[in-house]
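Hi,

Here is the structure I promised to pass on. Have a look at it first, and my notes on how two of the chains meet follow below.

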Amino acid sequence: MTQPARYFEDFTVGQVIRHATPRTVTTGDQALYLALYGSRFALQSSNLFAQAIGYPRSPLDDMLVFNVVFGKTVPDISLNAVANLGYAGTRFVKAVFPGDTITAESEVIGLKETTSGQTGIVYANSRGFNQDGETVLEFIRWVMVKKRDEASPAPEPMVPELPPEVTPDLLGRAVLPLYMHGWEGTMSGSRRRWHNYEVGERMDHVDGMTVEEAEHMMATRLYQNPARVHFNQHAESTGRFGRRIVYGGHVISLARALSYNGLANAFHVSAINAGRHVAPLFAGGTVYAWSEVVDAAELPNRADIGALRLVTTATVDRPCDDFPGREGNDFAKGVILELDYWVLLPR
Amino acid sequence: MTQPARYFEDFTVGQVIRHATPRTVTTGDQALYLALYGSRFALQSSNLFAQAIGYPRSPLDDMLVFNVVFGKTVPDISLNAVANLGYAGTRFVKAVFPGDTITAESEVIGLKETTSGQTGIVYANSRGFNQDGETVLEFIRWVMVKKRDEASPAPEPMVPELPPEVTPDLLGRAVLPLYMHGWEGTMSGSRRRWHNYEVGERMDHVDGMTVEEAEHMMATRLYQNPARVHFNQHAESTGRFGRRIVYGGHVISLARALSYNGLANAFHVSAINAGRHVAPLFAGGTVYAWSEVVDAAELPNRADIGALRLVTTATVDRPCDDFPGREGNDFAKGVILELDYWVLLPR
Amino acid sequence: MTQPARYFEDFTVGQVIRHATPRTVTTGDQALYLALYGSRFALQSSNLFAQAIGYPRSPLDDMLVFNVVFGKTVPDISLNAVANLGYAGTRFVKAVFPGDTITAESEVIGLKETTSGQTGIVYANSRGFNQDGETVLEFIRWVMVKKRDEASPAPEPMVPELPPEVTPDLLGRAVLPLYMHGWEGTMSGSRRRWHNYEVGERMDHVDGMTVEEAEHMMATRLYQNPARVHFNQHAESTGRFGRRIVYGGHVISLARALSYNGLANAFHVSAINAGRHVAPLFAGGTVYAWSEVVDAAELPNRADIGALRLVTTATVDRPCDDFPGREGNDFAKGVILELDYWVLLPR
C-alpha cells in the first residue's frame, strides 16, 4: 500500500492540505545551490555583505526557497498532473536563513472539470512557513489533474479570481530596513541602482548555461520534488518526449542566475506576477536569457529600496542578443520561459 | 613508493587494522546526500521534527553513515578484491549527527584460500566510531582478494560463524526513548505505524531513478571510497564490462530512498541481516524497488517503537509492480540487489 | 547594459581592481569539494585530526581557496582572455576556515602589446583576503587579452620581473606551530614524513579519475568562475574544440587529490612556483598523475615541518607508470598539466 497520488475527485474547494517532510535548510543547501547555478549575487554569497546592509547573515536564494516549498506541494497536488498551467500572486514575504525549518500547506481555492471529462483543473494557494509559523512565501498555481474515473460527476465549477499582478504596495515585506551606505557596488558587481534603470530597457544576459541530466536531477532531489518525469529515463523513453523533462523551477533558477549579468544589484525577488513554461527543456540544451524592465515602483515608506518589474525570457540553444520573445499569440523559436516578476534594488 | 593495497598474504586472523582518514560529517554531507538520493524521511530532513520526538537534531541518514565507514575500509580491505561476497551482522548502534567525527577499524576474523590458489577469502569485522570512541556501526563482510604470489602457502583455513540475522533483542540501540505523541504523520508523509504492516505484505515503491555517471562518482567520492572500478573509464573500457561499475552502497542508498513511498515512517535502519548485489549497475540504468515485510518484532522494553524485517529488491530498467525476485536459485531478470534488513517504526 | 568585460585598453599599470562577490565559505563547500575530487587528506577531513596537531578545526583545502579567489578575478581580468599564459609566485599565507569570508583584488603589474597588434599581455598580482583583511593567498598570473580596437596605440611595455620560484624562507606562513606528537600516521594514511622522501624520487599516483561535464561545471560554478568556455556547449560546438573546456583549476584540484596516493602526509600546499596547462581537458577524459620530488627544504625556525618541492604531471587517458613528462621542448603525448609547487609535511 504505497502513497496514493491525488486524483481530481480527491480535491474539494476549501480543503487545506498540510504537506509532508518538513525541511531544515542549511549552508549545505546554499553551497549546492551555488554549484548548480553559479549565482553571484553578493547578498546571498557573503555574510559580511549581508551584515553591512542590515541582514543578520546571508539569506537563502529566493528561488531556492521557492523550489523547496514547491517541491513539498508536488506529492499532494501535482503528482497526477497532466500539465502545470500557471502561477500567480507569488510573494516572498520573509527571508529564510540557514537553520530555518520550512513546512508547507496548500488550500484548494478552485476546481473546474475540463470539457473532455478526463481531467480537471485544480487551483491551489500554497504557503511556506518557517519554524515560527511565519509565512515565508505564498503562491497560487493551477494544474490539470487526471480524474480517477471519467464517470465521476463534475464538481460545481469554481474558478478563483487570480491576481493579474502583485501590486507594489505588497512588495518588500521580506526586507528589513537596510543601511544603504553599506552597499558596496564594487562588491556587488555593479554600481547601477534602482534609479539607473529605465522602463523599456532590455538587457541581454549574454552567458549561456548547458544543462546536464545529473545537474537537474540533483537540483530537483535537493528540493525533494518527486515528480516522476524528471528522474525516470526508463519510463520517459516511451513517453511523449522520449526523455526526462527538466523541472521548470530549475529553468527559473538558471534564468535568475544568468540575470546577474545586467542586474547584479537586483538582490531580491519580491514577487512573481506570472510564469509560463513555453516549452520543455531537456538535458543538453543551453539556456540563455534576456530581460526587459516593464515597470518601476517606489515602495511605500521605503527610501532604501525600489522595485523593478521585469519580464525575463529564457531560451534554449538561442542567444538573446535579438531579444526573442512574443510573436503575436505565440513565442519565438527557442523560447522556453517567460517570467514576469518584481525584483528589489538599492536606491 | 605509493600506498600498497593489501594482498591475501597480508592478512592474518586477529589482525586489527585502523583505517585512514577520519572524517567530520556536516550539514554539507546531509545536503549532498539529499541531492544525490532525494530521500524524504522526516527525521533526517527536519531538526524540528527530530526534536519533537526526542532527538537533539536530525541525525545523518543511516546509509550515509554506512557508506562513510565502508569507504574507509576499502583501501585496507578490498582494493585488491576480485569480488565483494557478502555482508552480515550490520548493526547501527549509535546515531551520528553533523559535527561528529567518524573513524573506522577492521578485525580480520577469517581467512580461507580458494581452490584456484590465486585468491583467498578475507572475513573482516568492521566498526565505525564517533569522536568519543563509541561504536556507531558494525558489520561483517567477506571479500575475495588476490594473492600476491600464487606460490604462497595457504594459511590455516578459518571460517567464522556468521550471524544469519540480527536478532530483535539487538535492535534499536541507536534510538533513545522517543516521545511518540510528537510524531506527526502529516509531516512524515504517512499515518501507517508499526502495527499497520503485516508480515507478507508487499509494496511496490513505484518510482524509478535513473543514475548518471556524475552522480554515483560524486557519491562514492563523498564517502572517500577509492575503489578504482567506479571512477576510471579509461581502464574500465578494456575491463570486464567496458564501463565503470556503480558502487553497491549507492544502489542500497537509492533503494532506501525509493522505499519512502510505502515506508515513510520507517525512520531508521537498525540492522542489515544480509545483502546481495545480484548484478552490477551501470550509469544510464533506472533503479526501481519493492519490499516485502518478512517479519515484525517488538523490542524489549520499548513501547515506543517496533521493528519490521524487510526484504527490499532493487531492479534496473524493470518496474516492480509484479514483484520480481528470487526464481529458484536464481533471480528474475533485472534484479540487482536483495537486501534483508530491519527498520524501526513508531508504534 | 550588461557587465562589460575588460579589453586590453582598459588596463593600466598600477591599477588596482577590487573584485566582486565576496564569499562566505562553509562546510557545505567542503562537502562539495570532497564529492567533486574525493580528496582524503586527514587535516582537511577531520576536525579532530586538525585539533590534535594544533589547528582550531579543519581548514579548507588549499586548492579550494585558490579556485575561489581565482574565480573572482575572472570577470575583471580574463573574461576576454584568449589564453591563460602562466602563474608565478603563488603563496598560501593564511589558513581559511568555514565561516570565513573571502574577497579578492588584483593589481596590474605589467602590460605588453603582442606583435600582432590584436592582443596584449596583462600581468596581474592577485590577492585573496579574509574578513579581517588579512591576505590568505597571492599569485601572479599573465593572460593574453583581446584589444577592443586594433588601432589603439600600444601602451609603454612593462614586463614585471617574475619570481622563478617561491624561496623556502617564504613558505609555511599559513601554518601555526604544530604539535607533531599529535600526528597519527595511521589516521593520515602514511607513516612517511618529510625526511622519508628523497630528491629525485618519482611516484606514480596510480589512480585515474574520469571527468564528467556535470562535475567540472558544478566545480567551476561553486568557485563562481563565469568563464564562458566551461559552460556553453551551444557556443563551443562551433568553437575551436567543438566542446566545453574543463577549467584548469579543476585539473589542478584533481591532480592534488590523486597525489594523496604517495603523498598522504603532504598536508598543505604552501606555494606554487609555476603551472602550465599543456593541453586542454574535456569531459570524458580520465586524469592520471605522477610526481617527482625536485627539492627539499627546511623552513627557518620550524622543527615541526619541512617542505618538498614537487613537479606533478597530470595526463589524460594515459597511465603514469612510465612517468610521461617533458620531451625536449615539448611534452609527452597525453600530458595536460605540469605543476611545480611546494608542499609541507610533518618532520
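In this predicted model, A:Gly28 is the residue of chain A that comes closest to the rotation axis, with its C-alpha at 2.3 Å. As for the axis itself, a turn of 120° with a shift of 0.0 Å along it lays chain A on chain C with an RMSD of 0.0 Å. The two copies are thus related as by a three-fold rotation axis.

Do the copies meet through the same or different surfaces? They use different ones, because only 11% of the interface residues of chain A are also interface residues in chain C.

On to the contact between them. Chain A contributes 45 residues and chain C contributes 34 residues. Together they bury about 3,200 Å², with 56% of that on carbon and sulfur atoms. Within the area that chain A buries against chain C, 20% comes from A:Ala35, A:Arg40 and A:Met187, more than from any other three residues.

You may like the polar side of this too. There are 19 residue pairs in polar contact across the interface of chain A and chain C, counting pairs with both residues at pLDDT 80 or more. On the side of chain A that touches chain C, helix α1 (residues 27-37) gives the most, with eight residues. That side of chain A divides into 18 nonpolar, 16 polar and 11 charged residues.

Finally, the count of salt bridges between chain A and chain C is four. One of them joins the side chains of C:Arg18 and A:Glu184, at 3.0 Å from N to O.

Happy browsing, and best wishes!

Methods: Residues are numbered from 1 along each chain as its sequence is written. Chains are lettered from A and ligands numbered from 1 in the order in which they are written. This is a predicted model: local features need pLDDT of at least 70, side-chain atom pairs count only at pLDDT 80 or more; totals for chains, interfaces and linings use all residues. Side-chain values use heavy atoms; hydrogens and water are left out. Contact means heavy atoms within 4.5 Å. Buried area is the accessible area (1.4 Å probe) that two parts lose on being put together, summed over both. A polar contact is a pair of N or O atoms within 3.5 Å; within protein, one must be able to donate a hydrogen and the other to accept it, and residues adjacent in sequence count only if both atoms are side-chain atoms. Helices (H or I, at least four residues) and strands (E, at least two) are DSSP runs, numbered from the N terminus. Ala, Val, Leu, Ile, Met, Phe, Trp, Tyr, Cys and Pro count as nonpolar, Asp, Glu, Lys and Arg as charged, and the others, Gly among them, as polar. Copies are superposed by least squares on the C-alpha atoms of residues with pLDDT of at least 70 in both.
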